[in-house]
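Colleague: Hi! Could you walk me through this model while I have it open?
Modeller: Sure, let's put it on the screen.

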Amino acid sequence: TSPVPSSTLAHLAQSDFPKPDAPFLELRHISKTFGRGKKQLQVMDDISLTVQEGEFVSIIGPSGSGKSTLLQMIGGVLLPDDGAIMLQGKRINGQRGRAGYMPQQPALFPWRTIEQNVVLARETAGLPQRESLEMARVWLDKVGLGDFRQAYPHTLSGGMQQRVAFLRALLGPQSLLCLDEPFSALDAFTRSEMQSWLLRIWEENRRSVVFITHHIEEALLLSDTIYVLSNRPAHVLERVEVPFERPRREELVDTPSFIA
Ligand code: ADP
Ligand code: MG
């Protein structure tokens with residue numbers, strides 16, 4: 001018999017040897033409980049999910065069902081109690097910066113200008129500053145914030161700040177984008193503009209997207225695959241078959257090209 005316990009071997013197999021044929025992103029048996037004792041709240045119990053390379057996945061569900069908690073774990077800002085988050089076959093539990101992550105609250109740095117906030121993910125990744133600032137300029141123009149490059153976050157409305165946080169995630173180098181209700185503070189017109197930019201970026205760069213929304217129509221419009229997270233009666237994540245072709249997705253993508 002082997003001198004090494006099989007549990008250790010299983011652990012090594014999961015974490016240290018990336019498998020080229022592994023799914024792009026895999027959540028394996030994730031559990032999460034907040035608090036202790038009587039105030040304990042189990043938000044997730046044995047949730048699993050697979051996202052393929054280039055797949056656009058939406059997660060919908062009522063408020064309080066744990067959508068943000070799930071995305072925080074993929075974004076590496078929160079640790080699961082149990083289970084593994086695997087990106088391209090590597091365990092990334094608690095590792096920030098693996099995904100382009102946009103939290104539900106824009107969380108801009110108040111001491112940085114808008115353009116400095118937009119380039120943050122690229123800066124952290126060590127990408128050349130000049131190029132990043134140029135991208136920020138082009139993109140801030142596209143989303144209608146060209147006049148606010150040198151402004152500070154507190155001078156912007158909630159919807160404007162949301163677009164800044166959106167660009168910060170979008171312009172980062174990561175091939176996985178995790179967006180937590182990115183368009184919730186936008187009017188219908190601006191929202192549909194942002195949806196088309198997102199689809200364009202997704203199509204042209206073949207990124208994988210995990211998109212959280214509580215708008216079923218938005219999920220139907222944008223995604224390949226929809227999961228519903230529910231907390232009543234049990235904590236379950238269920239895959240839903242998208243029932244029909246969505247012609248409007250192609251219409252949405254039909255915006256002027258931006259990539260030089
Ligand atoms: P959703 O994004 O679907 O609205 P959340 O993931 O924000 O749901 O929250 C799920 C549940 O976990 C809620 O009941 C919320 O109050 C609770 N929760 C979230 N974060 C924390 C935390 N840091 N500490 C304690 N409870 C939390
Ligand atoms: Mg949330």
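Colleague: Which strands form the open sheet, and in what order?
Modeller: Six strands make it, in the order 6-7-8-3-9-10, with mixed pairing. Keep in mind that this is a predicted model.

Colleague: Which are the edge strands?
Modeller: Strand 6 (100-102) and strand 10 (236-240), each of which pairs on one side only. From one strand to the next, the twist averages 15°.

Colleague: How many bridges join strand 9 to strand 10?
Modeller: There are 5, and the two strands run antiparallel; strand 9 covers residues 225-230. If you want a pair to click on, V228 has E238 in strand 10 as its bridge partner.

Colleague: OK, over to strand 1. How does it pair with strand 2?
Modeller: In the antiparallel sense, over 7 bridges, with strand 1 spanning residues 25-34. I30 stands opposite I47 in strand 2. The two strands form a hairpin with 6 residues between them. In the turn, G35 has a positive phi of about 75°.

Colleague: While we're there, is E26 buried, exposed or partly exposed?
Modeller: E26, which lies in strand 1, counts as partly exposed because it has 18 C-beta neighbours inside 10 Å, and a residue needs 20 or more to be buried. Leaving aside neighbours within four places in sequence, E26 is in contact with T50 and M86.

Colleague: How far is E26 from G158?
Modeller: They are 33 Å apart, C-alpha to C-alpha, and 132 residues apart in sequence.

Colleague: Switching topic: which residues surround ligand 1?
Modeller: The shell consists of F34, G35, L41, V43, G61, S63, G64, S65, G66, K67, S68 and T69. You'll recognise G35 from the hairpin turn.

Colleague: What kinds of residues are those?
Modeller: They divide into 3 nonpolar, 8 polar and 1 charged.

Colleague: And which elements supply them?
Modeller: Strand 2 (41-51) and helix 2 (67-74) each give at least two residues. The largest share, 3 residues, comes from helix 2.

Colleague: Let's stay with helix 2, then. How many of its residues are buried?
Modeller: Helix 2 is mostly covered, with 6 of its 8 residues buried. Those are K67, L70, L71, Q72, M73 and I74. K67 is also in the ligand shell. After the helix comes G76, with a positive phi near 80°.

Colleague: Why does L71 count as buried?
Modeller: Because 24 other C-beta atoms lie within 10 Å of L71, and 20 or more is the cut-off. Not counting residues up to four places away in sequence, L71 touches C178, D180, V210 and I212.

Colleague: What about L71 and F166, how far apart are they?
Modeller: Their C-alpha atoms are separated by 15 Å, and they sit 95 residues apart along the chain.

Colleague: Next, the largest nonpolar core. Which residues touch the most other members?
Modeller: V118, A169, C178 and V210 do, in a core of 60 residues. Helix 6 (residues 158-170) gives the most to this core, with 7 residues. Two of those well-connected members, C178 and V210, are on the list of residues that L71 touches.

Colleague: And what does V118 touch?
Modeller: Setting aside residues up to four places away in sequence, V118 touches A136, W139, L140, V164, L167, R168 and L171.

Colleague: I also want to check the backbone. What is phi at A107 and where does that residue sit?
Modeller: Phi of A107 is near 50°, a positive value in a residue other than glycine. A107 is in the loop between strand 6 and helix 3 (114-118). With 13 other C-beta atoms within 10 Å, A107 is partly exposed.

Colleague: And R206?
Modeller: R206 is another non-glycine residue with positive phi, near 45°. R206 is found in the loop between helix 7 (188-205) and strand 8 (208-212). R206 counts as exposed because it has 10 C-beta neighbours inside 10 Å.

Colleague: Last one: how many helices and strands does the chain have?
Modeller: The protein chain has 9 helices and 10 strands. Buried residues make up 35% of its 260 residues. Of the contacts with a separation of 6 or more, 69% are between residues 24 or more positions apart.

Methods:
Residues numbered from 1 in each chain as written. Chains lettered and ligands numbered in written order. Predicted model: local features only at pLDDT ≥ 70, side-chain atom pairs only at ≥ 80, totals over all residues. Near = placed C-beta within 6 Å. Helix = DSSP H or I, 4+ residues; strand = E, 2+ residues; numbered from the N terminus. Nonpolar A, V, L, I, M, F, W, Y, C, P; charged D, E, K, R; others polar. Buried ≥ 20, exposed ≤ 12 C-beta atoms within 10 Å, placed from the backbone. Contact = placed C-beta atoms within 7 Å. Core = buried A, V, L, I, M, F, W, Y, C linked by C-beta atoms within 7 Å. Pairing = 2+ DSSP bridges. Axes fitted to C-alpha atoms, helices over the stretch in contact; angles between N-to-C directions.
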